[in-house]
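User: I have a model open on my screen and would like to understand the words used to describe it. Could you take me through them?

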There are 2 protein chains.
Amino acid sequence: MEDRKVIITIGRQFGSGGRVIGHKLAERLGIAYYDKELITLASKESGICGEFFEKADEKTSNSLLKAFTMGFSLNSTIFQNNDYLSNESLFQIQSDVIRKVAAEKSCILVGRCADYILRDNKDCLSVFISASLEDRIRRAMEYNDKLKASDAEEFLRKADKSRASYYNYYTDKTWGAADSYDLCINSSYLGIDKTIDYILSFLQARG
Amino acid sequence: MEDRKVIITIGRQFGSGGRVIGHKLAERLGIAYYDKELITLASKESGICGEFFEKADEKTSNSLLKAFTMGFSLNSTIFQNNDYLSNESLFQIQSDVIRKVAAEKSCILVGRCADYILRDNKDCLSVFISASLEDRIRRAMEYNDKLKASDAEEFLRKADKSRASYYNYYTDKTWGAADSYDLCINSSYLGIDKTIDYILSFLQARG
């Protein structure tokens, strides 16, 4: 691993522990971690306010349009350059940021089609994390203490549907399909910590 | 692993090397391997001739009906018991054989919805193997020297579609979806031998 960059992209079911796994992997490897941080970077690069990226984050056209009509503040850069008003442009800006970051240094990138954007990067390992429904419901309720147990399954279904729509719209692959990734792990099988160890051993195996 | 049985089910894209991986895993672990062998067992258990199971192997109703109308010999047991004429019954017989084998001993089971049939078996690890299109085309052409390179991609698509139809019909999961399995690996990333090592290390990690 000495001379090779470590770029790990993580796709994840909602409540699968994918974000925690990504974060801890970055800590263990001593490398950068990007999740929501990509929004700040994309905002800096483009001059478009972060709130705009945030509302559009991992959402497709319709959702973005909805966010639009509901109204939120846009900074002057957008009004000066109408190209930026399409979500395809926002995706493009974010993609450029992802490529730039991955070219510069080893890092963990969570979500946002990073596996597809970096498909030609030989250093990249794409991982997808799933988990048992039971564990996912427990985590979703920990994240959001207003979520009732009776609504949790439907909430998870919708959250994943939204991620899948975004991914399937911008890539030629299928979100959550085994053949879209190099490695997919059910984090409920080994638990979070052993799953992290196991992903690290994949990096060792590739050499 | 001393006191725990090792049951590994392997789902696989056509040409992914899943069969070879299963076979070598069984050799490395010194345990039984079942692929087409399940047909012989199901035939012995039921008294229905193997040819019948073979024609229906990993195919759904329509395909089976087609095999039927094309005509092939059925032994007398079938005519004595018309229940056996539905493919659901054939699936049931094969499922009973899979459960029986898994209750008796450590083994590798390839295809035939074994992961779903053994979903409540705590010893079971379900694996799905994918591979790059390039590797899959190469293997498909090695298996069948009459297959032209120009037809290979379409051949693979149909072969996987047939496996998916069978799996999706008999289970409440989706064939090839990451969350249907404990572990999914793209065998092109590490190569066949290192992929086998890596699956073995998952067993060690679970303890």
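User: What turn and what shift lay chain A on chain B?

Analyst: A turn of 180° with a shift of 0.0 Å along the axis does it, leaving an RMSD of 0.0 Å. The copies are superposed by least squares on the C-alpha atoms of residues with pLDDT of at least 70 in both. That relation is the one of a two-fold axis. Before we go on: this is a predicted model, where local features need pLDDT of at least 70 and side-chain atom pairs count only at pLDDT 80 or more, while totals for chains, interfaces and linings use all residues. Residues are numbered from 1 along each chain as its sequence is written, and chains are lettered from A and ligands numbered from 1 in the order in which they are written.

User: How many residues of chain A are in contact with chain B?

Analyst: Contact here asks that two C-beta atoms, placed from the backbone, lie within 7 Å. By that test, 22 residues of chain A are in contact with 22 residues of chain B. The largest share of chain A's side, seven residues, comes from α11(A). The same surface serves both copies, as 100% of the contact residues of chain A recur in chain B.

User: What makes β5(A) and β5(B) a pair?

Analyst: Strands (E, at least two residues) and helices (H or I, at least four) are DSSP runs, numbered from the N terminus. Two strands pair if DSSP finds at least two bridges between them. β5(A) and β5(B) have three bridges, in the antiparallel sense, so they pair. Leu183(A), for instance, has Ile185(B) as its bridge partner.

User: Why does one side of β2(A) have no neighbour in the sheet?

Analyst: The open sheet of 10 strands runs β2(A)-β3(A)-β1(A)-β4(A)-β5(A)-β5(B)-β4(B)-β1(B)-β3(B)-β2(B). β2(A) and β2(B) stand at the edges with a single partner strand each, so one side of each is left without a neighbour.

User: How do you know that the span of α9(A) is close to the expected one?

Analyst: The expected span is 1.5 Å times one less than the number of residues. For the 22 residues of α9(A) that gives 32 Å, and the helix reaches 33 Å from its first C-alpha to its last.

User: Which residues of α9(A) are called buried?

Analyst: Buried means 20 or more other C-beta atoms within 10 Å of a residue's own (12 or fewer is exposed, in between is partly exposed), with C-beta atoms placed from the backbone. In α9(A), Leu156(A), Asp160(A), Arg163(A), Tyr166(A), Tyr167(A) and Tyr170(A) are the buried ones. Their cover includes α6, α7 and α8 of chain A.
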